[in-house]
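Trainee: Could you take me through one part of this structure up close? I'd like the general layout, and then a good long look at a single spot.

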Amino acid sequence: MKVVALVSGGKDSCYAMMKCIQYGHEIVALANLLPVDDSVDELDSYMYQTVGHQIIVGYAECMNVPLFRRRIRGSSRHQKLSYQMTLDDEVEDMFVLLSEVKRQIPSITAVSSGAIASDYQRLRVESICSRLGLVSLAFLWKQDQTLLLQEMIANGIKAILVKVAAVGLDPSKHLGKDLAFMEPYLLKLKVKYGSNVCGEGGEYETMTLDCPLFTNASIVLDECQVVLHSPDSIAPVGVLHPSTFHLEKKGNLDSNSLEEESSLVSEVLGDGPNTSNSTRQRDNEIVDLVKHTSNRVHISRTEKHNTFSICCWLEDSQKSSTGLKEDLETVLTELEFQLLKHGFNWQNVLYIHLYISDMSEFAVANETYVKFITQEKCPFGVPSRSTIELPLAQAGLGKAYVEVLVANDESKRVLHVQSISCWAPSCIGPYSQATLHKSVLHMAGQLGLDPPTMNLRNEGAIAELNQALTNSEAIAESFNRSISSSAILFVVFCSARTNQSERNQLHEKFVTFLDLAKSSRRVLNVIDPMFLYILVPDLPKRALVEVKPVLYVDDDTETEDETKQDHSGEGDYSFGGYKPENWHQGCVQKRVVDGKMCVTVLSISAEVMRKLQEASGEEEQQLERVSRFCVYLLNKTLSEDSFSWQDTTSLRIHLSTSLGVSVERLSDTFASVFRELNEMSDGVKVDSSKEPIFNVVPVLGAGNTSASLDNIITCELFALRS
């Protein structure tokens with residue numbers, strides 16, 4: 001990509017440019033923001049480093065790249081973490097600056113910044129990039145600062161300290177000192193005081209005088225003076241004011257080889273955007289697509305009041321079949337209507353499962369999706385998402401199928417990093433890497449993408465799995481957790497294109513990864529995770545594997561995994577002719593954590609089907625018997641740990657197409673069994689007059705391990721006690 005680099009003059013923005021080059025991008029322009037008054041060294045800004053701005057003008061000639069500069073007119077008006085366009089805010093100066101760069105150089109598609117740890121700065125750069133249709137590149141994001149400092153020095157960043165403001169740093173001693181000279185001392189300060197070795201806590205700022213990108217010349221300071229801002233005896237604050245400097249030519253370049261300053265440097269003027277004209281709303285533009293397709297729409301909804309799921313799918317037929325775009329618009333419009341009907345909107349949605357019939361139309365699906373779910377509509381953060389291709393046509397459905405998890409409060413915490421970095425895959429679109437709500441971390445489906453390139457690992461399914469798990473671990477660490485100790489359930493989607501030999505190894509490699517991660521972290525309290533492997537036709541980017549972890553995140557360090565409790569034989573759980581038998585336990589995986597959360601995976605394999613058929617060989621009764629058995633075991637699992645159906649947040653019934661049964665038929669059968677349970681059992685109270693509390697998801701196969709995906713029906717149930 002062609003990149004405009006935001007430069008402050010510091011080591012971070014320069015090294016970020018070097019990383020851009022390393023990953024195959026081209027720096028075609030520089031952009032810098034500076035004070036209105038040239039004599040002012042530092043502004044009271046949460047956003048910009050301006051110390052040393054006087055010498056930035058030399059960067060254009062050193063790199064022979066055009067430099068666009070704008071004087072900062074705004075101030076820090078919008079100080080909340082997540083930025084929204086605000087009149088006269090200093091962030092709008094960046095918008096004007098980059099807008100002009102894009103106008104003059106239309107080929108630019110990305111913006112580089114040196115963000116390492118500041119969410120405040122990163123989110124503002126991402127906001128501007130989103131508004132301008134540019135990609136944010138932040139290759140230093142979340143990197144280990146000690147290693148990063150060593151890398152910068154080893155790779156030729158020649159920088160000096162131009163500001164100090166921390167315990168152990170003295171303006172009279174340390175300003176003007178070379179970064180390489182200061183490295184050992186900075187590492188000592190980290191050990192002694194816990195300071196940030198890269199200065200991310202405001203400990204110090206730097207000015208780069210030379211680096212490998214400066215191919216034409218380096219910068220030499222001729223005169224400078226120390227300006228003491230605060231004589232504090234513990235942490236004095238001072239800056240280095242550069243009075244005069246010159247460029248020192250490199251190699252055999254003569255003076256004519258350096259461009260004239262006026263031809264490379266331009267100042268960007270103009271006012272910021274008018275917020276009233278730029279704000280776009282779609283709240284009153286709901287497309288009326290449901291009326292003429294109401295006979296096709298099927299809705300399910302769990303009954304828990306504060307956290308519940310709503311699912312919408314379409315019945316298909318030749319006369320009513322439409323394209324993916326039209327089907328997805330119909331589904332999302334119906335879901336929007338259902339949310340409004342219950343007093344909610346898209347900002348209440350925690351997670352979205354987006355199922356489509358053909359992954360080659362992913363771009364079409366995404367274009368439709370972003371008409372409904374936007375950052376403007378979700379001020380508390382856009383929901384996390386997984387996108388999977390399902391055999392919808394084989395199951396008698398339309399081309400789109402969507403499930404949303406909804407919360408009735410605004411307490412969710414969202415991780416949404418749009419910048420491409422070395423940390424984890426970016427979420428450039430309107431979905432988040434993870435959403436935390438009520439101690440449950442819902443992570444977006446993770447592919448085996450190499451974060452800095454966003455390319456899929458091409459060494460096969462095992463390599464993809466390792467990368468997907470590495471990405472998942474990076475996201476978990478942002479919440480101070482590890483997938484090796486806090487994961488309750490891993491849902492692993494396997495593409496039908498995965499060869500059998502690799503599929504046989506996936507589970508073993510998965511467990512090995514978790515064991516290594518667990519041993520390296522020395523975690524005391526560990527949840528024993530469950531696994532559900534699902535075979536599907538295709539995945540985004542033609543991936544072979546996608547991992548969807550669900551983690552339990554609680555402040556209580558004494559989290560108790562009640563997995564091994566055995567309640568078999570306790571209570572009377574008989575229903576539909578079934579009573580507890582020892583072999584039933586082999587069908588159920590269950591995790592109960594802190595008495596608050598119950599996650600159950602119920603597997604009906606071909607072998608279990610045969611056992612159930614022994615009582616009745618009639619084909620017409622087979623589906624009903626299996627459905628009764630599933631509801632019996634799920635009801636028993638909930639009841640024995642004092643959970644109720646009203647605690648259920650989601651219930652997915654994965655149906656293998658090998659059974660040859662339509663989704664509609666299985667849904668009707670399960671609905672009938674739930675009505676029977678409600679009539680026969682005290683205290684169940686599943687309201688049969690409303691939508692079903694489950695959704696049926698058609699898949700090619702499923703299983704507890706990757707080697708055996710012969711489940712005919714798999715039930716995935718989440719219950720959360722309020």
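Trainee: Before we zoom in, how many helices and strands does the chain have? And then, which residues is Arg 652 in contact with, leaving aside its neighbours within four places in sequence?

Mentor: Sure. Keep in mind that this is a predicted model. The chain has 17 helices and 30 strands. There are 722 residues, and 59% of them count as buried. If you take contacts between residues at least 6 apart in sequence, 78% of them join residues at least 24 apart.

Now for your spot. Arg 652 sits in strand β27, which covers residues 648-656. With a relative accessible area of 6%, Arg 652 is buried, because the cut-off for that is under 20%. Setting aside neighbours within four places in sequence, Arg 652 is in contact with His 353, Tyr 355, Glu 403, Asn 695, Val 697, Thr 714, Cys 715, Glu 716 and Phe 718. Glu 403 deserves a second look, since its side chain and that of Arg 652 are joined by a polar contact of 2.8 Å.

That brings us to charges. Side chains of opposite charge can pair when their charged atoms come close. Across the chain, the count comes to 28 salt bridges. One of them joins Glu 100 and Arg 103, with the closest N and O atoms 2.7 Å apart. Both belong to helix α3 (residues 90-104), and because they are three residues apart there, about one helical turn separates them. Arg 103 is exposed, at 57% relative accessible area.

Helix α10 (residues 324-341) has a pair of its own, with Glu 329 and Lys 325 four residues apart, so about one helical turn lies between them. Their side chains meet in a salt bridge at 3.0 Å, N to O. Glu 329 is buried at a relative accessible area of 12%, whereas Lys 325 counts as partly exposed at 33%.

Stay with that helix a moment longer, for Glu 336 forms a salt bridge with Lys 377, the closest N and O atoms being 3.4 Å apart. This pair links distant parts of the chain, 41 residues apart: Glu 336 is in helix α10, and Lys 377 is in the loop between α11 (362-369) and β14 (384-389). Both Lys 377 and Glu 336 are buried. Elsewhere, Lys 590, Lys 636, Glu 640 and Asp 641 are joined into one network by salt bridges that share partners.

If you're after open space, try the second largest pocket, with about 880 Å³. It is lined by 34 residues, and the closest to its centre are Met 47, Tyr 48, Gln 49, Gln 121 and Glu 205. Among the elements that each supply at least two residues of that lining are α1 (11-22), β2 (26-34), α4 (119-132) and β7 (204-210).

Finally, a word on confidence. The mean pLDDT of the chain is 89, and 89% of its residues reach 70 or more. Over residues 276-293, though, pLDDT stays under 50, and the model has 21 contacts beyond four places in sequence for that stretch. Residues 564-569 are also below 50, with six contacts in the model beyond near neighbours in sequence. Where pLDDT is low, the predicted coordinates should not be read in detail.

Terms used
Residues are numbered from 1 along each chain as its sequence is written. This is a predicted model: local features need pLDDT of at least 70, side-chain atom pairs count only at pLDDT 80 or more; totals for chains, interfaces and linings use all residues. Side-chain values use heavy atoms; hydrogens and water are left out. Buried means under 20% relative accessible area, exposed over 50%, partly exposed in between (1.4 Å probe, protein chains only). A polar contact is a pair of N or O atoms within 3.5 Å; within protein, one must be able to donate a hydrogen and the other to accept it, and residues adjacent in sequence count only if both atoms are side-chain atoms. Contact means heavy atoms within 4.5 Å. pLDDT is the predictor's confidence in each residue, from 0 to 100. A salt bridge is a side-chain nitrogen of Lys or Arg within 4 Å of a carboxyl oxygen of Asp or Glu. On a 1 Å grid over the protein atoms alone, a cavity is a set of points where a 1.4 Å probe fits but cannot get out, and a pocket is an open set with protein on both sides within 12 Å along at least five of seven lines; lining residues have an atom within 4 Å of a point. Grid points are joined across faces, edges and corners, and a volume is the space filled by probe spheres set on the points.
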